[in-house]
Amino acid sequence: MDFKITSKTRLFGVVGHPVAHSLSPVMMNAAFRSLGLDAVYLAFDVEEAGDIVGAARALGLGGLSVTIPHKEAVIPFLDGVQDDAREIGAVNTIVNDSGSLIGQNTDWLGATGAIEEAAGPVRGKLFMILGAGGAARAVAWGLVKRGAKVVVAARDQDKARRVAEPLGGLAIPLENAGEFKVHGMVNATPLGMAPDTEAIPIDPRAIKEGVVVLDTVYRPVKTLLLREAHARGAIPVSGLRMLLHQA
Ligand code: NAP
């Protein structure tokens, strides 16, 4: 069926800087067409977080996805923030609720959804989170919310502690990550992302058989970490599955 853009068509989008690499427009427009929604979704390269909210309000946007570097910086400009996003300290979604712009976080649902789809419930299991930035905070929060325990391994110990300790987890240096026996691990650093595709956040010998390994990086789809996980009998989970579940 042909889709016609009219004066009633609602506008959604993703805001980031840079944003040209985003897969969200392809994914979300396919979802809109599949659901028969009169809506389109575009990518907006916005430098200043403060400009996002004014533009969304002035143009009456239905909602926005938020990506690097605005996930934290946009919070003070919003009309409200849902509890999970407030606890995580980052939003990846803004919903326009009759003129009120409300921040939400679905990254944690993306990570737990992708892991549980591949390897079953995380409850009672121990996860190693590599990195201590925004994605690490959302993933660690989600795993603990679902009943798992976390160790956060990062090169900056203050940041690792700030992620781990409120969740009852342990903070360790990144180079010690291989010393723990875990049920799962999540790469929440950009290591392995194109063009530096030979980078890996952990010594591959630490990846044991049966361990579930989520790489939040999805360019390339088969990162070196996921290829090593596959070769060692672990369960590789692509960042694309996380992207799909958060959407
Ligand atoms: P971020 O806030 O900048 O955090 C990045 C983390 O990685 C920080 O702990 C940083 O350490 C660490 N790091 C960066 N370069 C490193 C290196 N060379 N060696 C060791 N550690 C390094 O970024 P983010 O928003 O959390 O994003 C992290 C990754 O998650 C990105 O690749 C992003 O694309 C991905 N992501 C994927 C999805 C998805 O749906 N698949 C969703 C969200 C994010 P310092 O603090 O010391 O710099």
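I count Ala, Val, Leu, Ile, Met, Phe, Trp, Tyr, Cys and Pro as nonpolar, Asp, Glu, Lys and Arg as charged, and the others, Gly among them, as polar. I also note that this is a predicted model.

**Entry 1: the shell around the ligand**

I sorted the shell by class. How many residues of each class does the shell around the ligand have? I found 12 nonpolar, six polar and five charged residues. Next I looked up which residues come nearest. There are 23 residues around the ligand. Ala132, Ala135, Arg155, Lys159 and Thr216 come nearest of these.

**Entry 2: polar atoms at the ligand**

I checked the oxygen atoms of the ligand. Which distances separate them from Gly134, Arg155 and Thr216? For Gly134, a polar backbone atom is 3.0 Å from a ligand oxygen. For Arg155, an N or O atom of the side chain is 2.9 Å from a ligand oxygen. For Thr216, I again looked at the side chain, where an N or O atom lies 2.9 Å from an oxygen of the ligand. Then I looked at area. The ligand taken alone exposes 940 Å². The protein buries 76% of that area.

**Entry 3: where the ligand sits**

I looked up the pocket. The ligand sits in the largest one. Which elements give two or more residues to the shell? They are α5, residues 134-145, and α8, residues 239-246. The most comes from α8, which gives three residues.

**Entry 4: salt bridges**

I moved on to charged pairs. The structure holds nine salt bridges. I picked one of them, between Asp79 and Arg57. Its closest N and O atoms are 2.7 Å apart. Where are the two partners in the chain? Asp79 is in the loop between β3 (63-66) and β4 (80-81). Arg57 is in helix α2, residues 49-59. The two are 22 residues apart, and the pair links distant parts of the chain.

**Entry 5: backbone details**

I went through the peptide bonds. Which residues does a cis peptide bond join? One such bond joins Ile68 and Pro69, with omega about 5°. Pro69 lies in the loop between β3 and β4. Asp79 is in that loop too. Another cis bond joins Arg219 and Pro220, and its omega is also about 5°. I found Pro220 in the loop between β11 (212-215) and α7 (224-231).

Last, I looked at phi. Ser98 has a positive phi of about 50°, although Ser98 is not a glycine. I placed Ser98 in the loop between β5 (93-97) and β6 (100-104).

Terms used: Residues are numbered from 1 along each chain as its sequence is written. This is a predicted model: local features need pLDDT of at least 70, side-chain atom pairs count only at pLDDT 80 or more; totals for chains, interfaces and linings use all residues. Side-chain values use heavy atoms; hydrogens and water are left out. A residue is near a molecule or strand if one of its heavy atoms lies within 4 Å of it. A polar contact is a pair of N or O atoms within 3.5 Å; within protein, one must be able to donate a hydrogen and the other to accept it, and residues adjacent in sequence count only if both atoms are side-chain atoms. Accessible areas come from the Shrake-Rupley method with a 1.4 Å probe; for residues, only the protein chains shown count as cover. On a 1 Å grid over the protein atoms alone, a cavity is a set of points where a 1.4 Å probe fits but cannot get out, and a pocket is an open set with protein on both sides within 12 Å along at least five of seven lines; lining residues have an atom within 4 Å of a point. A molecule sits in a cavity or pocket if more than half of its atoms lie within 2 Å of its grid points. Helices (H or I, at least four residues) and strands (E, at least two) are DSSP runs, numbered from the N terminus. A salt bridge is a side-chain nitrogen of Lys or Arg within 4 Å of a carboxyl oxygen of Asp or Glu.
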